[in-house]
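Here is a walk through one protein model, written to be read with the structure open beside it. We will go sheet by sheet, then turn to single residues and finally to the chain as a whole.

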Amino acid sequence: MPDATIPLVGQPPFEQYTLTGAYDEMFAPDGSVRPAYAELARHLSALSREELQQRQRYADLTFLNQGITFTVYGNESGTERVFPYDLLPRIITADEWQQIERGLSQRIIALNHFLRDIYHDQQILRDGVIPRELVYSCRHYRREMRGLPVPRNVYTAIVGTDLVRLPDGQFVVLEDNLRVPSGVSYMLTNRAVMKRAFPRLFGAHGVRPIDHYGQALLATLRALAPDHRPEPTIALLTPGVFNSAYFEHTFLARQMGIELVEGRDLLAHDNVVYMRTTGGLRRVDVIYRRIDDDFLDPMVFRPDSVLGVPGLLNAYRAGNVVLANAIGTGVADDKAIYAYVPAIIRYYLGEEPILPNVPTYLCDRPDERAYVLEHLDELVVKAVGESGGYDMLIGPHSTREQQAQFAERIRANPRNYIAQPTLQLSCAPCFIDGGIEPRHVDLRPFILFDDEAITIVPGGLSRVALRRGSLVVNSSQGGGSKDTWVLY
């Protein structure tokens, strides 16, 4: 069995592995295995290619049988796909995780302060830390929330924050997801499949568990319930079976033992929300909503929505039902607001950010817009309100025609675009076409927040750009995921 302290790149089973300028999660620059991966390297070296392929087939079949799918919109060959899963885990040390945990806790506290402030006193706007027009022009800013008390002042109970690791090994925040963050079901199912595919490895590594996420989420939702409802009824509101994340909605409802409902299953009467059941109407106290603000209440937002509940906002205003996350949290999702998060942390907490941001150019600033337009072939350009890899230009991988199209979009609506340097995301080993090759990865940990505690399960969704050389990890753009191990 090979000694993992000597260079293994180029040796079986890593014949196809090449080191690039990106930080490699498994290998040091000299090709030797990083200590956290030593046991995994020894285990992989003892397995034949056929054994690895057999375990990958088992994992793929498990995902297929469980109906774990995602949606690719605009694809002529069909939209529904089995979620791509990579067999090899991504490993994070205890010290690295401690830094991530501290940084995420700091960030969510500051963002919650920010959301409460902009919907109430607006002191941060008065002090000129953030331009008032930047907040007001955000399409996710909800004037209906101005002055409205939010239960326990918790705006963001469930958060998924995207991290990437730079060539120097440092983790930085790529973006925050505070509206209806998704992906936690894949984190949990990845772990369940990995335990069956490599049962002995868990004992050898000392991997911290994540199985308690469902109960931790339930406890967070219960903590938000109105005071006069000591035994609250909690429901998960889904857009329905045709939503791309419907598997996750059903999965989490089962994990928590709560009802999965659609808008047509609920009604609001006298500012109280009820659920239709076979035994009659049942009051609902907390709604974990997986529907965007626009579709929640057709009496207030989009009148053509058939996904929401007429009168829901009035019940919310009356304090008779809690929504997680609160309406209007999407303003902190805005990628232009993201550029100000370090300043937000300093303003509310008087601390320096533990996890830094990626340098960001705001295209509504004339000087920064000019720079972006001159360097489109070098930068990544993103629409401020989009997700899933849509409406995005990766300059080094784009054509002149695509650059010209984005230049036109930026000039037409500069507020809608930001730009960032093209990052060298770290690489992790992946089982590709019968061999082990490096692929770029990011990490989405999931944060649960209430007025008394912050819970971050030790792990997250490591998304993988399965196409060689690609930097886009979104499943809708050809990405997949792998299990994330945080060590004790």
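Strands β14 and β15 are joined by three bridges and run antiparallel. Within this pairing, V381 stands opposite L393 of β15. Please keep in mind that you are looking at a predicted model.

The β14–β15 pair belongs to an open sheet of four strands, ordered β13-β16-β14-β15, and the pairing in it is antiparallel. At its edges sit β13 and β15 (392–394), each of which pairs on one side only. If you trace the sheet from the β13 edge, you come to β16 as the next strand in the order. Two bridges link β13 (residues 361–362) with β16 in the antiparallel sense, and here L362 has I418 of β16 as its bridge partner. On the way to β15 comes β14 (residues 379–383), which pairs with β16 over five bridges, again antiparallel. In that pairing, V380 is matched with Q420 of β16.

How many residues of strand β16 are buried? Four of the five residues of β16 (residues 417–421) are, so this strand is largely enclosed by the rest of the structure. When you look at individual positions in these strands, it helps to remember that side chains in a regular strand alternate between the two faces of the sheet.

A second open sheet has three strands in the order β8-β9-β10, and its pairing is antiparallel too. The edge strands are β8 (266–269) and β10 (280–283), each with a partner on one side only. On average, neighbouring strands of this sheet are turned by 40° against each other, with direction ignored. Four bridges hold β8 to β9 (residues 272–277), the two running antiparallel. One of the matched positions is H269, whose bridge partner in β9 is V272.

For a parallel pairing, turn to β3 and β22 (residues 480–486), which are joined over five bridges. There, I92 has V486 of β22 as its bridge partner. Is strand β3 enclosed or open to the outside? Eight of the eight residues of β3 (residues 85–92) are buried, so the strand is largely enclosed by the rest of the structure.

Now for some single residues that are worth finding on your screen. Two of them, Q122 and R152, have a positive phi although neither is a glycine. The table sets their values side by side.

| Residue | Phi | Relative accessible area |
|---|---|---|
| Q122 | about 60° | 5%, buried |
| R152 | about 60° | 31%, partly exposed |

Q122 is placed in the loop between α3 (94–118) and α4 (123–126). Its relative accessible area of 5% lies under the 20% cut-off, which is why Q122 counts as buried. R152 belongs to the loop between α5 and β4; at 31% this residue falls between the 20% and 50% limits, so it counts as partly exposed.

The loop between α5 (132–136) and β4 (158–165) also holds P149. Is P149 buried or exposed? Its relative accessible area is 60%, which is over the 50% limit, so P149 is exposed. For a sense of distance, the C-alpha atoms of P149 and Y390 are separated by 34 Å, and the two residues are 241 apart along the chain.

Another loop to visit is the one between β12 (322–324) and α11 (335–338), where N325 is found. A cis peptide bond joins A324 to N325, with omega at about 0°.

On the surface, L61, L64 and V82 make a nonpolar patch of about 250 Å². Of these residues, V82 lies in strand β2 (residues 80–82) and is partly exposed, with a relative accessible area of 34%.

Finally, let us step back to the whole chain. The protein chain has 14 helices and 22 strands. Of its 488 residues, 57% count as buried. Along the principal axes, the C-alpha atoms fill a box of roughly 70 × 60 × 50 Å. What radius of gyration would a compact globule with 488 residues have? The expected value is near 23 Å, and the protein chain has 23 Å, so the two agree.

Technical notes
Residues are numbered from 1 along each chain as its sequence is written. This is a predicted model: local features need pLDDT of at least 70, side-chain atom pairs count only at pLDDT 80 or more; totals for chains, interfaces and linings use all residues. Side-chain values use heavy atoms; hydrogens and water are left out. Two strands pair if DSSP finds at least two bridges between them. Axes are lines fitted to C-alpha atoms, for helices over the stretch in contact, and angles run from 0 to 180 degrees between N-to-C directions. Buried means under 20% relative accessible area, exposed over 50%, partly exposed in between (1.4 Å probe, protein chains only). Patches are made of residues with over 30% relative accessible area and no salt bridge: like charges are joined within 9 Å, nonpolar side chains (Val, Leu, Ile, Met, Phe, Trp, Tyr) within 5 Å. Accessible areas come from the Shrake-Rupley method with a 1.4 Å probe; for residues, only the protein chains shown count as cover. A salt bridge is a side-chain nitrogen of Lys or Arg within 4 Å of a carboxyl oxygen of Asp or Glu. The radius of gyration is taken over C-alpha atoms; the globule rule is 2.2 Å times the number of residues to the power 0.38.
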